[in-house]
Amino acid sequence: MDTQELQKLKNGFDIVGNDAALNRALETAVMVAPTDITVLITGESGVGKEVLPQIIHKYSRRKNGRYLAVNCGAIPPGTINAELFGHEKGSFTGAVGERKGYFEEADGGTLFLDEIGELPKETQALLLRVLQDGEYMKVGSSKVEKTDVRIIAATNVNLSEAVRQGKFREDLYYRLCAIQIRMPALRDRKDDIYLLFRKFTSNFSEKYNICKISLTHEAIALLRAYRWPGNVRQLKNVAETVTALESAPVTPGSERIELDARTIAGYIPDEKDTLLPAVGCSASGQGGMSDDEKRAIVKAILDLKGEVDRLRNMVEGNAAAVAVPVAEGAKPVNDDAEWQEQQEEELSIRKANSDMIERALEKHGGKVKDAAAELGISERTIYRKLAEKKNR
């Protein structure tokens, strides 16, 4: 494919990135699409393997047939055979009627089996028969059924190692990986990381009508240096969380907010951490919040930020001064002397705060998180105080 055709493909499937390994994977998917050969897609969790089967289906002769995607790891072992091949009425408890399986539903089209490595050994044998002869039997039936389905499988585990451990059938493994396409990990696509971050934050900000987020060079370098164990899925989660918590409503002349490395550092887990930031995780465990939940959280955050800004302006003297009447017969106060006394007091408070922060940081070996916990303030407050001291 030439550059123009490749970019058109990316635009059609909402793919962002210019990495050479990513381009090879996309080109290979288009090349094998016109055939019916089985394809195995490999790569870590979260790299975006699910887009390749969609490309293969669209560019195949089966593009007018059905495309079904099945997550094999999400189906209980006791029911997966019935899900894939269907069942007869009364074949097991709860089988109140006859049911079509995915192989019957996708006849003439494409069936994408994600997390293929999670299939039970019994199901692996049944799948091998379909791949070899296009034949299967419904659960509870002795009648052989025929299907014409293009199989595309994906896995984030090392199937050859699973074969050695006896967890995956060797004959099925060789049948599946006639063509193998590997999607690269995000840490191997350094130049694509900020492109993806910009896409995710731009989509999120447009959806909720808030300012877009851009990063300083140091913040971009911080993103590139992180290993992203959750890959593109984790980056999307972080980008949306950063936008929700750091952005503000769009105003005339203010449509973008630039964040520095210190701010971004608060949203990137420690290297020893394998979990995503808790703010971005769904309590339901379904991999993300609903749109209504996100919208409510963004509104609450923006309302809170607006109130904080209003209070800060009042404290810093930007609000209208409150007049205090002088009691009759009281001695007039020297305005200049009072102002100077207030300024000295304010400077003393600032110095005391800075000293407390410095002592806490020294005590905790420079760890902002621990220092903030001890002082009962936010990490952003410490960063802001340090920045103020540096600029003075």
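Trainee: Why is the pairing of Arg224 with Asp191 called a salt bridge?

Mentor: The term is used when a side-chain nitrogen of Lys or Arg lies within 4 Å of a carboxyl oxygen of Asp or Glu. In this predicted model, the closest N and O atoms of Arg224 and Asp191 are 2.9 Å apart, so the pair meets the rule. Arg224 belongs to helix α10 and Asp191 to helix α9, so the salt bridge ties together parts that are 33 residues apart in sequence. Because the model is predicted, local features need pLDDT of at least 70 and side-chain atom pairs count only at pLDDT 80 or more, while totals for chains, interfaces and linings use all residues. Residues are numbered from 1 along each chain as its sequence is written, and side-chain values use heavy atoms, with hydrogens and water left out.

Trainee: What makes Asp191 exposed or buried, and which word fits Arg224?

Mentor: A residue is buried under 20% relative accessible area, exposed over 50% and partly exposed in between, with a 1.4 Å probe and protein chains only. Asp191 has 61% and therefore counts as exposed, whereas Arg224, at 31%, counts as partly exposed.

Trainee: How do you know that α9 and α10 are helices, and how is their packing described?

Mentor: Helices here are DSSP runs of H or I with at least four residues, strands are runs of E with at least two, and both are numbered from the N terminus. Helix α9 covers residues 190-208 and helix α10 residues 217-225. Two packed helices are described by the angle between their axes and the distance between the axes. For α9 and α10 the angle is about 120° and the axes are 9 Å apart, where the axes are lines fitted to C-alpha atoms over the stretch in contact and angles run from 0 to 180 degrees between N-to-C directions. The contact, meaning heavy atoms within 4.5 Å, is made by Lys190, Asp191, Ile193, Tyr194 and Phe197 of α9 together with Ile220, Leu223, Arg224 and Ala225 of α10.

Trainee: How many residues of that contact are nonpolar, polar or charged?

Mentor: Ala, Val, Leu, Ile, Met, Phe, Trp, Tyr, Cys and Pro count as nonpolar, Asp, Glu, Lys and Arg as charged, and the others, Gly among them, as polar. On that division the contact holds 6 nonpolar residues, no polar ones and 3 charged ones.

Trainee: Why is Lys199 of helix α9 called buried or exposed?

Mentor: Lys199 has a relative accessible area of 15%, so it is called buried. Leaving aside neighbours within four places in sequence, Lys199 is in contact with Asp14 and Val16.

Trainee: What makes the pair Arg62 and Asp148 a salt bridge?

Mentor: The closest N and O atoms of Arg62 and Asp148 are 2.6 Å apart, so the distance rule is met here too. This salt bridge links distant parts of the chain, with Arg62 in the loop between α3 and β2 and Asp148 in the loop between β5 and β6, 86 residues apart. Arg62, at 3%, is buried, while Asp148, at 39%, is partly exposed.

Trainee: Which residues are linked with Arg62 and Asp148 in a network of salt bridges?

Mentor: Asp36 and Arg61 are linked with them in the network. The side chains of Arg61 and Asp36 meet at 2.3 Å, N to O. Arg61 is exposed at 56%, and Asp36 is partly exposed at 35%.

Trainee: How do you know that strands β2 and β3 pair?

Mentor: Two strands pair if DSSP finds at least two bridges between them. There are 5 bridges joining β2 to β3, and these strands run parallel, so the requirement is met. Strand β3 is also joined to β6 by 4 bridges, again in a parallel arrangement.

Trainee: Why is strand β3 called mostly covered?

Mentor: In β3, residues 110-114, 4 of the 5 residues are buried.

Trainee: What is noted about the phi of Trp228, and is Trp228 buried or exposed?

Mentor: Trp228 has a positive phi of about 45° although it is not a glycine. Trp228 is buried because its relative accessible area is 0%.
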